[in-house]
Each structure stands twice: as structure tokens, then as C-alpha cells.
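Me: I should like to work through this model by question and answer. Please reason briefly each time and close on the value or name requested.

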Number of protein chains: 4
Amino acid sequence: MTGKREENKKSNRELIIKSGIDVFLEKGINQTTVRDIIRKTNLASGTFYNYFKSKEEVLVAALDDATVQIGQVMRDQRKKAKNLEEFVLFQIEPFLKFAKEHSSIFLILNSNLNMVESFSIETPMMTLELRYLREDVIAGIEQGVLPNIDVDYFCTSIQSVAEGVARTFISKKDSKADIDLAIKFCTNFIVSGVKSTQNV
Amino acid sequence: MTGKREENKKSNRELIIKSGIDVFLEKGINQTTVRDIIRKTNLASGTFYNYFKSKEEVLVAALDDATVQIGQVMRDQRKKAKNLEEFVLFQIEPFLKFAKEHSSIFLILNSNLNMVESFSIETPMMTLELRYLREDVIAGIEQGVLPNIDVDYFCTSIQSVAEGVARTFISKKDSKADIDLAIKFCTNFIVSGVKSTQNV
Amino acid sequence: MTGKREENKKSNRELIIKSGIDVFLEKGINQTTVRDIIRKTNLASGTFYNYFKSKEEVLVAALDDATVQIGQVMRDQRKKAKNLEEFVLFQIEPFLKFAKEHSSIFLILNSNLNMVESFSIETPMMTLELRYLREDVIAGIEQGVLPNIDVDYFCTSIQSVAEGVARTFISKKDSKADIDLAIKFCTNFIVSGVKSTQNV
Amino acid sequence: MTGKREENKKSNRELIIKSGIDVFLEKGINQTTVRDIIRKTNLASGTFYNYFKSKEEVLVAALDDATVQIGQVMRDQRKKAKNLEEFVLFQIEPFLKFAKEHSSIFLILNSNLNMVESFSIETPMMTLELRYLREDVIAGIEQGVLPNIDVDYFCTSIQSVAEGVARTFISKKDSKADIDLAIKFCTNFIVSGVKSTQNV
DNA sequence: GATGAATGAGCTTTCATTCAT
DNA sequence: CATGAATGAAAGCTCATTCAT
């Protein structure tokens, strides 16, 4: 209560999440145990359960943190988009840059994105952000900023391509310089794809 | 006698794979245990190990089966493609149709595809097929069938979009009629995307 | 200030005992944890240890309270007994009436009375009261108020029958009216039993 | 299947029950853990769970064994009773003799008889035997073998007194010779008690 | 080759208890 | 005194794997 405790509590929570990310990356989520996570901190095993009920909760917390960070940026950017090109670019650019800078959490994010429903892709935060995207797409269509396109397939495509490219980008070892190329390719690809389906 | 034995052996193997797919779908790969799989057959637990070393081997076997089926078709089709449109269409059409018909195995494939460094996303068969695709793309570019494009990003994109659309398509409950729409959307999207990146 | 503190201290102690009785009844002594007890109060877990060393101490405290109440009455009554009938009646009547009124504590007492070498069935208070009974029986025999009978078996019998009848009585749901019947049955039964063994 | 296995299975089950009884007596049921039980056998910890789900199941199995043994005898005897004296004697005699000979299991039986509902007094077998007793009492009353008495209180009393006396008897260290005295006391006590309540 | 009980490492989780605040 | 997070021993239990039959 007096600050020192509160501080310690927060730091412990972060300690566990950090350790969780490390272990998830190292061993994969399946193979990770609560023991693995707690072993890397210097906390007692029981302490884990003061903060999380399971390793999955740690994962969700880690993903939510990332989702909030990147989601906030993307939402703000979308508001400013004047046309399709900007709309897509303003999603792709921060997304890929985030992926580059936070590749570790992003690797978990990606390598587990589609996992089993049990704890899976649909972090509350992620669901929320995807819903925001969908709403902004609909609004964009109504306002004439975006062409008239199947909203579901569009959202899926932008998500899939962005993730796919991010994954490829991250796994290219020599990926220092070509972030701009990746952004350009990705934006171009999606914009053109979208445009072409206008007449379908 | 020997025939019957051989038959029985094969039938046990298939029994296990079939049970594996069921359980993987039901509980997710993580939560599935060898016990779960063997319980659904009427075999003894020890029998499992006469056929597979682990549940992961069952998964790989199941995926390989599917990969071989769909891969064969796609490879044959690619040879016949005269231009970009056909090249893409000939990939997308059988892929989405397969996804529609075998949605169960496909759901495992998709819902766990990326999870899985731990037991290798890349089934030998899948690696092989992706390499075949890559080779055919390179050959396509050389022969002028395909435009000059970053091979890696192209492969990634085609794979990502196809998977994303397949996933969306499968999860739309009322998906009897619009398979053709999905194919058209998907093909258009990729073709246009690719064309646009020619000048990048 | 000091008065209020003192008051608070007492109230916490009683709070814990009360909560203990509730939980013991609800979950049984075995399954009850200190956490369970403290959770029902709004005290912190550490506070528990300012008053008791273990849940067993809470139990003993609760039992002792009851034992003291009922024991006091029985002791007083015994002194006034002029003959066997009165001696028995003066034990049974207050005992069964107490059991009726305080059935909750009595249910704990009974439903766990024999379990418990581990944390001692014999509350100091209970041992004391049973010793008092034994002494009064011996005195009663010496003074001719009671017939000459094996003291141990007599004490056991009176205790067993009283408890058994109390248990049966309590578990009969419609037990508003027949408390007098129970007392009569019980007294009759013991008195006659005792008389019959005089000549053994 | 071939006998050797079947044999081993049976022997393991008995091993666990035997060990369970030992530990229950030694540490009390509360304090006994599955690990304690299995440690005394030379079996692996997992093996326990091939036979029982919990220590409580072991307890029930042990109690059921005893209940079946003693219950069988008592049921047979009751049929032969010609009058109240015999009816009671035929219950008490085998019961107390059994208690003397099998005092270990009987100590568990008694010291936990009234325990918490969770696994408690009411072993399926015990419930059954008590119901049989009740039925025979009712039949006895109808046939004029027993006097007209409240069945519930009678059953409770006979049970309470028998148990109480057994407990006292067992706890008397020098109890080699006086089993007959105990039987006589107990029978006399109950018979007289019952008779006295005829006119209530 | 099929069986399924035995194995035991090791994971999850609880909980009494302590102690800095 | 009250608080409640931290502790870590230890319990319950699962499960992949082995191996005698």
C-alpha cells in the first residue's frame, strides 16, 4: 500500500510476463510449464499463482500488452487516412515496424496466432482491435474513403498478408535495410488487390 | 493370413490417425494426449507405439496425407498454366475446394499451422511442396509466364491470402454457394497485387 | 482507546470462531483450511495467527465453549439427583435440549467427535467434564444414589446413548414436538439398562 | 489375463488396502496422504491410481470388507432369533468378538464412523447392513419376536451402545478375559432398555 | 504383434506460515 | 495489532513409455 509494496507487485507481474515471453520463445507454448516460467524469475512457485492462474494467462497478458501498443497507433492512423492507399499504408507501416522492433513478442504472436480456441488468437484485446478495424473499414466505405468491398475478406486479407509478410520479413536474417521494401510491397499488394475486387 | 495381418496393420494405423484428427480438432493439439487418441480407438496403449513415436507423428502423418493429395493436384495444374491468372487460379481453386471438402483436417492444419516450431510446422511433405511452388515460380518468371517479382514475398502472399480466405470461408456457416466467389476474390486479389508489384 | 481495542480484539476472536463453526459444518473439519475460515471473516490471513495457532485450536475453542455451557448445567444437576432416575434424567434432559437448540455446534461435535485422535477428540474441557461425570458416578454409587455398576461401561453407555439419540433426534426434520419423547425414551432406556446390570 | 497378471492385480489391491489401514491407524485419516499409503507398499505412485481414486476410496474398501464379514454373520443370526434376548445377543456377541479380533480395522471403523458426510459412515455396504437391521427389526416386531418400539431409536441405541462398549472394551488394555462380561453387560443393558420403553 | 498394468519423473496447485510494511 | 504478498514444502495427479504375458 505504501508504494514499496505496490511497486514490488507491479515489478513481479512484469517479471513473470517477461520470463513467460522468454520461455515461450525458447520452448514453444506447448512445452512451456509454469515451473519453467517461475524458475527464470527468482520468485517462489506459489507466487506465480498470486498473479496468474495458468501459463495461458501469462501469454494473454503478454499479447494484450503488445496488442494495446500497436492497436492504439493503428487506430489513430486510420482516422487520418484520406484514401485507400493511406488507409493501408497507415496500417502496414506501423505494424511491420513494430514487428521489426519487437520481433520476439511478435514471433510468439504470430507463431501462436491461430492456435487452439482454448486460449488462442482471440485475446480480448485482439478481438477488440479487429472489431475496431472492421468498424473503420465500414465507415471508410460509407465515407467513400475505401472502395466497396466484402468487409470480411478484406479484413482477412489485410491481416493475412501483413502477418505473412511480417513473418517472412522477420525470418530473413539479413533484414536490416529492407523494411521499406517490405512495407511498399505489402501496401502495393493489398491496395491493388482491393482495387481489383471492386468490380467483382 | 499374411494378407489379413497386413490389412489389420494398415487399419490400425489409419484408425489411430483418424482418432488423432478427431481429438486434435476437439481438444487442440496442445491438450491432446496419446491416451486421448488411443482411447477413441479400441486399441491398447502399447499398440500406439507400434505405429507412432508420439502424438506429433500422428499429426504429421495426418497433415502429410492431406499435403500429398492437394500438392499433387497443384503441381500438375501449375505445369499447365499459361499466364499469371491461370497460375494463381490453378493454385487457389483446388486449394479452396479441398479446404471446403476436407474442412476438418484443414481446420487442424490452419488452426495449428503456425503454433508449432516445437514439433515443426513444416512437415517434410509441406516443405517439399512449398519448395516445388518456389521452383515453379522461379521457372515461371524465367519463362515469362509470371512477372518479375520477389519470390519469397510472392510465395508468402499467395500462401497467406489463400489460407486466410480459406479460414474465413470455412468459418462462414452459410458457405454452400459462394465458393466460386471466394475463388474469384482470392485470385483477383493476388493477381492484381502481383501485377502492381512488378514495378517496385 | 484501550477499551475499543480490547473490544475489537474480542470481536475478532469471536468472529473467527463463528466463521470456523460455519465452515466446519459446511465442509467438514478435514476439508476446512485456515484460508476458508479467514475468508469468511473480513480479516487478513496473518490476523488469524494472532488468535489461534491452527484450525484445530478454533475447533477446540468452539467445542470448549459448548462444553462449558452444557457441562456447568449437568454438574449442577447431578448434585441434586436423589436417585438413579433423576441422575440420568438430569443429564439427558439438558443435554438433549442443548442439542436441539445448538444443533449446529452439536453437529460438528457429533459428526467429528470420533474422528480425531489426530487433533484430540478430548478437548481439555471435555476430558474434564467426563472426569467429573465419572467422579459423580463413583460418588453416587458410594452414597447409594446409584446402583453398583461398572463405572466405565456406565459412562460409556450413557454417553453413547445420549449422543446416538441426539444425533437421531437432530436428523429427524419434524422434530419440533417430540423432544420430550426423546428424553423419556432415552432416560427410560438407560435407567432400565443400568438397573438390569446391577446383578451382573 | 493368464492368471499371473490377474493374481498380481489382486495382490496389489490388497497390498494397498492393507497399507491404507496401517497408515490410517498410525496417522489418522486426516493426516494420511496417498503418498503415505503407497510408500508402505513397494509400488510406484502412479500405480495407486490404477486401483483407487483417493485415499477415501481405500478407506471405503477396507470398511466394506469388514462390514461384509460382520454383516453376513449378524444377518444370519437375526433370522434364528426367537425373542428379544436372542435378537440382541445374536447381534452383540459376534459384533464384540469381531471387534476384539479385528480391533485394528475396528478402531478405524469406530474412530471415523461419524465423520463428515464426504466419505463418512455411510459406506454403501454399511448403509445396506443398517437397512437390513431396520427391516429385520420391523419384521421382528410384526412377528411378535420384538416388542413394539420406535424403530429408529432402537436401531440407534443398539448401534450406539454396541459401538460405545466396543470402543471401551478395546481401549481397556487388560481386556483378555472379560469379553463375555462386555457381551453380557451390553445385551442386558439393551434388552432392559428396550423392554422399559414398551410402555412409553 | 497386441495387451494393459506398472512405472516414476515431474507438473500443477494448495496452503500454513512468515514478515516487511 | 492488522495486513496480505511471498514463501516453499509437499500433496495430488497425469502421462509417456516400458515390458512381461
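Me: What span, from first C-alpha to last, does helix α1 (residues 4–27) of chain D reach?
Reply: In this predicted model, helix α1 of chain D has 24 residues. At 1.5 Å a residue, the expected span is 34 Å. The distance from the first C-alpha to the last is close to that expectation, at 34 Å.

Me: Which residues in α1(D) are buried?
Reply: Burial requires 20 or more other C-beta atoms within 10 Å of the residue's own. In α1(D), the residues that are buried are D:I16, D:I17, D:S19, D:G20, D:I21, D:V23 and D:F24.

Me: Which residue just after α1(D) takes a positive phi?
Reply: The position in question follows directly on the helix α1(D). Its phi is about 85°, and the residue is D:G28.

Me: Is D:E135 buried or exposed?
Reply: D:E135 is placed in helix α7 (residues 124–142) of chain D. Its C-alpha atom is separated by 9.4 Å from that of D:V151, 16 residues apart along the chain. A residue counts as exposed if 12 or fewer other C-beta atoms lie within 10 Å of its own. Because D:E135 has 12 such atoms, D:E135 is exposed.

Me: How many helices does the secondary structure of chain A come to?
Reply: Read along the sequence, chain A follows the pattern α-α-α-α-α-α-α-α-α. With zero strands, the secondary structure of chain A comes to a count of helices that is nine.

Me: How many residues of domain 2 of chain A are in contact with domain 1 of chain A?
Reply: Chain A is divided into domain 1 (1–52) and domain 2 (59–197). Domain 1 contributes six residues to the contact, and domain 2 contributes eight.

Me: How many residues on the side of domain 1 of chain A that touches domain 2 are nonpolar?
Reply: That side of domain 1 of chain A holds one polar residue and no charged residue. Its nonpolar residues number five.

Me: Which helix gives the largest share of the surface near DNA strand F?
Reply: DNA strand F is surrounded by 35 residues, the closest being A:G46, B:T33, C:A44, C:G46 and D:G46. They divide into eight nonpolar, 20 polar and seven charged. The largest share, four residues, comes from chain A, namely from its helix α3 (residues 45–51).

Me: Which residues come nearest to DNA strand E?
Reply: The surface near DNA strand E divides into eight nonpolar, 20 polar and seven charged residues. Of the 35 residues around this strand, the nearest are A:G46, B:A44, B:G46, C:T33 and D:G46.

Methods. Residues are numbered from 1 along each chain as its sequence is written. Chains are lettered from A and ligands numbered from 1 in the order in which they are written. This is a predicted model: local features need pLDDT of at least 70, side-chain atom pairs count only at pLDDT 80 or more; totals for chains, interfaces and linings use all residues. A residue is near a molecule or strand if its C-beta atom, placed from the backbone, lies within 6 Å of it. Helices (H or I, at least four residues) and strands (E, at least two) are DSSP runs, numbered from the N terminus. Ala, Val, Leu, Ile, Met, Phe, Trp, Tyr, Cys and Pro count as nonpolar, Asp, Glu, Lys and Arg as charged, and the others, Gly among them, as polar. The expected span of a helix is 1.5 Å times one less than its number of residues. Domain bounds come from an automatic or database domain assignment. Two residues are in contact if their C-beta atoms, placed from the backbone, lie within 7 Å.
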